[in-house]
Amino acid sequence: DLPVVYEDDHFAIVNKPAGINVNRPKGGGGGGGSGSGSRLSVRSAAPYVLRPPRFGTLAIIRRPCPVHRLDKPTSGLLLIAKTKPAMVDLSRQFRERTVKKTYTAIINGWPRESSDPLSSREAHQLGVDVGYPDQGEGSGDDDGPSWHLIDCDLRGKSAVTVWRTLRRVRSERAQDRTLTLVELKPKSGRYHQLRRHMALVCGRPIVGDRAYSGESGASIPLRHQFLDQGLFLCSNKVVLEHPYFNTREGRREWNAMEDGERYQGGMVELSQDGEKVMVQAEIDLPQAFCSLLDSDS
């Protein structure tokens, strides 16, 4: 089951289930002996759930191609190119960090917070999507929630994450007797960035994370009930520039559409300055998140 959240002739956004690889693992491992498990990947499934582009669409890719990666245990929004120009443009946006991603996670314990949090204005100026209106002078720095900044290199490369607490739930099974629901907004996209930042910088791992268990790499014991439920990390919102409708030909095509087709139920809109056609997709958190929080509250 690979739910399609957004789709047009040029690219699609799907909701990747937890436990599924984005691409087929090298060597075809993980098939449990039969080989069938090695075919369980988003790239393998995409041709069967996405509709072919209309005849005449430029440079169609025979097999739709994911343009970024989510870890196997992470669920949520994944972008898939259906044409070569879309693949090139979306890859550029990820490389230039113009794609705004939001993740939500449940933390095992009370994560260490920064002593000098950022205002929403300051977080917005860093280039992450915090929902802060770009109103110029006259907007107060106190508008919106405050955010914690993690600026900690990973493997010698800059890695920046902005995060805030959404909810805390008392749990006798958790570290500090607390489960913490957090919103995470990475500016960069380093290997396991969010998992490592929460465990190593904030001192508390994401629930279900077997790889990163706590502060400074020291093992913080987790109850088996948590580990058995998988990783509680979901990519639940993404904002990006449309890879085709911002070209000269694409913009003419978009302007000629009927409103119902043009705005795709509110997921497509013009930027505030009217210069860019933007796509914004958002999904509900997996039911497992609500079940864990409610069962421990």
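These are my notebook entries on a predicted model of one protein chain.

**Entry 1: the whole chain**

I started with the overall counts. The protein chain has eight helices and eleven strands. Of its 297 residues, 48% are buried. I then looked up the accessible surface, which comes to about 15000 Å². Carbon and sulfur atoms own 47% of that surface. Last, I checked contacts between residues with a separation of 6 or more: 63% of them join residues 24 or more positions apart.

**Entry 2: helix α1**

Next I went to helix α1, which runs over residues 42-49. Which residues of α1 are buried? I found V42, S44 and A46 listed as buried there. I also wanted to know what covers the buried residues of α1, and the cover includes β2 (11-16), β3 (60-66) and β4 (75-83).

Y48 sits in α1 too. Is Y48 buried or exposed? Y48 has 71% relative accessibility, so I put it down as exposed, given that the cut-off for exposed is over 50%. I then looked for its company on the surface: Y48 joins V4 and V49 in a nonpolar surface patch of about 300 Å².

**Entry 3: strand β6**

My next stop was strand β6, residues 148-151. I sorted its residues by face. H148 and I150 make up the covered face, while L149 and D151 are on the uncovered one. I also looked up how β6 pairs: its partner is strand β7 (residues 160-170), in the antiparallel sense, over four bridges.

**Entry 4: a closer look at L149**

I picked L149 from β6 for a longer look. Why do I call L149 partly exposed? Its relative accessible area is 34%, so that is the label it gets; partly exposed covers what lies between the buried limit of 20% and the exposed limit of 50%. I noted again that L149 belongs to the uncovered face of β6.

Where is the bridge partner of L149? I found it in β7, and it is V162. V162 also turns up among the residues that L149 touches. Leaving out residues up to four places away in sequence, I wrote down S114, L118, L126, V160, T161 and V162 as the ones L149 touches.

I followed up on L118 from that list. L118 and L149 are 31 residues apart along the chain, and I found 7.0 Å between their C-alpha atoms.

Methods
Residues numbered from 1 in each chain as written. Predicted model: local features only at pLDDT ≥ 70, side-chain atom pairs only at ≥ 80, totals over all residues. Heavy atoms only, no water. Buried < 20%, exposed > 50% of the residue type's maximum accessible area, 1.4 Å probe, protein only. Helix = DSSP H or I, 4+ residues; strand = E, 2+ residues; numbered from the N terminus. Pairing = 2+ DSSP bridges. Patch = residues over 30% accessible without salt bridge, like charges linked within 9 Å, V, L, I, M, F, W, Y side chains within 5 Å. Areas by Shrake-Rupley, 256 points an atom, 1.4 Å probe, with all protein chains shown as cover. Salt bridge = Lys/Arg side-chain N within 4 Å of Asp/Glu carboxyl O. Contact = heavy atoms within 4.5 Å.
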